[in-house]
Amino acid sequence: MKFRAAWQILFLSIFAGYMLIWVMLPTKTYKIVWTPKLNAHLNSTYFREQGRNLLLFSFPIMLIAALGCLYLHLQKKSNSGSSRSSVNYLRRPAVVMAPIGIVTVLELTFAAMFISLLIWSLANYLYVSFGSLRMQAGVKVWQSKFRSVSLRLGYIGNTCMAFLFFPVTRGSSILPLMGLTSESSIKYHIWIGHVSTVLFVAHSFGFMIYWGAMSHEMSQMLEWSSTYLSNLAGVIAFVMLMAIWATSFARVRRKMFELFFYVHHLYIPYLVFYMFHVGVAYLCMIIPGIFLFIIDRYLRFLVSKRRTRLVSSRLLPNRTMELTFAKSPGLEYNPTSTLFVHVPSVCKLQWHPFTIISSSNLETDKLSVVIKSQGNWTENLYRQLSTSPDHLQVSTEGPYEPASFHFLSRESLVMISGGSGITPFISIIREIISTSTESGQKVPKILLVAAFKTTADLTMLDLLLPLSGIPTDISKLQIQIEAYVTQEHERPHEEYSKNQIQTKGFKTNPLDSPISAVLGKNGWLWLGAIISSSFVMFLLLLGFVTRYQIYPVEHRKKNYHYSYKILWDMFLVCASIFVATSAVFLWQKRKISADQKQIQNVDFQTPTMSPSSWLSPSDRELESLPCQSLVQSTTVHYGARPDLKRILLECKGSDIGVLASGPTSIRQKVAKICASSSAKNLYFESMSFTW
């Protein structure tokens, strides 16, 4: 794309200026020199005390988000991915250890910078506050300093809150600009969430100790002031935060997902009471992340009302399901994308993300995901599919794709998986198959190392190729598959009927529709229009309400209830987003519906049973040459585990991409090998879809 460097310099300059404001915020210079001048120019009758923070903290990020949509649209139109040569070193593993997992050089650098910002802010806040302590009667100096420390810990927690929602805004332009997806950046949300909670706990207990044991004003906890912040709202928010935090630890989250899922939705009332506690000035400092999150969440709500056309399913002997949906031919996505799936007959509220294994270039009108049956939700879904229903109501959300896909430019690819971790590699292999058929296109050599527990798990390899009926030419594909069955020492002598793959087709329903881009082909442009128009609408409405509702009261030296100001802010944010998003969504829905009428319904397929190509290749004639070629390229090792160090260090070449997916132990072991000094030619990338 032309002018890529200019765009990147623009974004970097705006972001650097934004971070400079955060650096200066706790300093004496900002408080004594900058603040009076800024207030004189920005705190007008239209925005009052919010004017300064709206310009310094809200506007830069909203500008980046809006311009980022335009940049991503132009980048997609030019079909150019981001350059990888300059960040190869930064993406190398720097730290591999529990519980933080695999941390790259780039992530470690940003984490160090963020922690440095927090330490710098706390030190400066304390330095400034200790110079002008607010003394109360009967309170000693050290006790006032204790109160000041507790208050400033809350300020630092607010800094974390400003960045907390960016990683979980799935459709935002902020993450792709940084080369991230919501799935890969969930860990940042977890890290920031833990840090902010620790700070808020220290802040809360500090004030409890101060009010209870030092100033003897415990009644302050129950105060809901009409002229300033509400302490009671802070107490209520703290109780909700403790419930959210207690259920968000990995052990609780993975063993009791439903409990985590439902309790985590307390974030909605938590945010309301949190805003009552921090006030309108601080609200403007954290509003960009929340603003973009609400846009994304409301769009997802609108999409969730659509019903998706489920074409077929494949049930494997190892209780793995492949679901194939109809999609609009114009919908394109990168390999390793994810799709959120909702089945009301299983659970009316839960949505779960699954890896897309299809290629939008190879399968232009279908999209497939793989689901491993290993929890209550997936077990119930498997049972329903096993009963051979004619139709299953499903809704989907996505796909959510990585910002760029640079694996195809590697000389070689080594893909190491454990169990169902093979699923993202299926989409990569299908994409490489599609690319190999284009004239003049070079594709990387592939070494797939897949570890399975049992022989039945080998049927996962049957998913490497799409369902029959799609022409597949793999003559130019250079692939070697090393499959390891770790819990069995030899091929079990069982009847092939026990290892049948069950394929089912589903009847169409007039209410179902193919998967399509939520905002059409020019989705990034329309998202930019939503972001910019809703934020401008919010500013106009806020200025109108402040000038004609709030200012006249305060101008008469009367008190306008402080909580009402916060309510106005929350209401105007939501109203602006709902109006702008609904208008664009409904406009695009009409265009998408017109396009989908031209898509023919897929014929209902009679359920079939077929043996796995990898379990009985020698006893039957393989149904296709591509399948035969893949089977012949496969070596199965029984009763053994892959020697990952030997496999990786024996790889020849100067540009070898190493991808690891599956259990944490495998990904961390591969990361340590790639981080060693003897693996300069290995460029590691971890794919984790469990958090």
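These notebook entries record what I looked up in the structure.

**Entry 1. The chain as a whole**

I note at the outset that the model is predicted. I looked up the secondary structure and found 18 helices and 18 strands in the chain. The chain has 691 residues, and 53% of them count as buried. I then looked at the accessible surface, which comes to about 31800 Å², with 61% of it supplied by carbon and sulfur atoms. For the contacts, I took those with a separation of 6 or more; residues 24 or more positions apart account for 79% of them.

**Entry 2. The sheet of six strands**

I traced an open sheet of 6 strands and wrote down its order as β16-β12-β11-β10-β17-β18, with parallel pairing. Its edge strands are β16, residues 634–638, and β18, residues 682–687, each of which pairs on one side only. From one strand to the next the twist averages 15 degrees.

I followed the pairing of β12 with β16 in detail. Strand β12 covers residues 479–485, and 5 bridges join it to β16, the two running parallel. At this pairing I found Tyr484 opposite His637 of β16.

**Entry 3. Helices lying across the sheet strands**

Which strands does helix α13 lie across? I found that α13, residues 423–436, lies across β10, β11, β12, β17 and β18. It runs at about 150 degrees to β10, the strand of residues 412–418. I also looked up helix α18, residues 664–675, and found that it lies across β10, β17 and β18. The angle of α18 to β18 is about 160 degrees.

**Entry 4. Strand β9 and its cis peptide bond**

I turned to strand β9, which spans residues 395–400 and contains Pro399. A cis peptide bond joins Gly398 to Pro399, with omega at about 5 degrees. Is β9 enclosed or open to the outside? I recorded that 5 of its 6 residues are buried, so the strand is largely enclosed by the rest of the structure. Strand β6 is joined to β9 by 4 bridges, and the two run antiparallel. In this pairing Val341 stands opposite Thr396 of β9.

**Entry 5. Two residues with positive phi**

I looked for positive phi values outside glycine and examined two residues, His216 and Thr336. Phi of His216 is near 55 degrees, and that of Thr336 is about 70 degrees. His216 lies in the loop between α7, residues 186–214, and α8, residues 231–246. Thr336 lies in the loop between β5, residues 320–326, and β6, residues 338–342.

Is Thr336 buried or exposed? Its relative accessible area is 12%, so I entered it as buried, the limit being under 20%. His216 has a relative accessible area of 62% and is therefore exposed, the limit there being over 50%.

**Entry 6. Thr320 and its contacts**

I next looked up Thr320, which is found in strand β5. Its relative accessible area is 0%, and it is buried. Leaving aside neighbours within four places in sequence, I found Thr320 in contact with Arg314, Leu315, Val370, Ile371, Lys372, Tyr382 and Met460. I also checked Thr320 against Ser373, which is 53 residues away along the chain; their C-alpha atoms are separated by 5.8 Å.

**Entry 7. Asn53 in helix α3**

Helix α3 covers residues 51–77, and Asn53 is found in it. Asn53 is buried, with a relative accessible area of 2%. What does Asn53 touch, not counting residues up to four places away in sequence? I listed Tyr30, Ser58, Ala281, Tyr282, Cys284 and Met285.

**Entry 8. The buried residues of helix α10**

In helix α10, residues 257–264, I found Phe260, Phe261 and Val263 to be buried. The buried residues of α10 pack against α8 and α9, the latter covering residues 250–255. I add a general remark: an α-helix has 3.6 residues a turn, so residues three or four places apart point the same way.

**Entry 9. A nonpolar patch on the surface**

Last, I looked up a nonpolar surface patch. Ile32, Val33 and Trp34 make this patch, which has an area of about 260 Å². I placed Val33 in helix α2, residues 28–42. The relative accessibility of Val33 is 38%, so I recorded this residue as partly exposed.

Conventions
Residues are numbered from 1 along each chain as its sequence is written. This is a predicted model: local features need pLDDT of at least 70, side-chain atom pairs count only at pLDDT 80 or more; totals for chains, interfaces and linings use all residues. Side-chain values use heavy atoms; hydrogens and water are left out. Buried means under 20% relative accessible area, exposed over 50%, partly exposed in between (1.4 Å probe, protein chains only). Contact means heavy atoms within 4.5 Å. Accessible areas come from the Shrake-Rupley method with a 1.4 Å probe; for residues, only the protein chains shown count as cover. Two strands pair if DSSP finds at least two bridges between them. Axes are lines fitted to C-alpha atoms, for helices over the stretch in contact, and angles run from 0 to 180 degrees between N-to-C directions. Patches are made of residues with over 30% relative accessible area and no salt bridge: like charges are joined within 9 Å, nonpolar side chains (Val, Leu, Ile, Met, Phe, Trp, Tyr) within 5 Å. A salt bridge is a side-chain nitrogen of Lys or Arg within 4 Å of a carboxyl oxygen of Asp or Glu.
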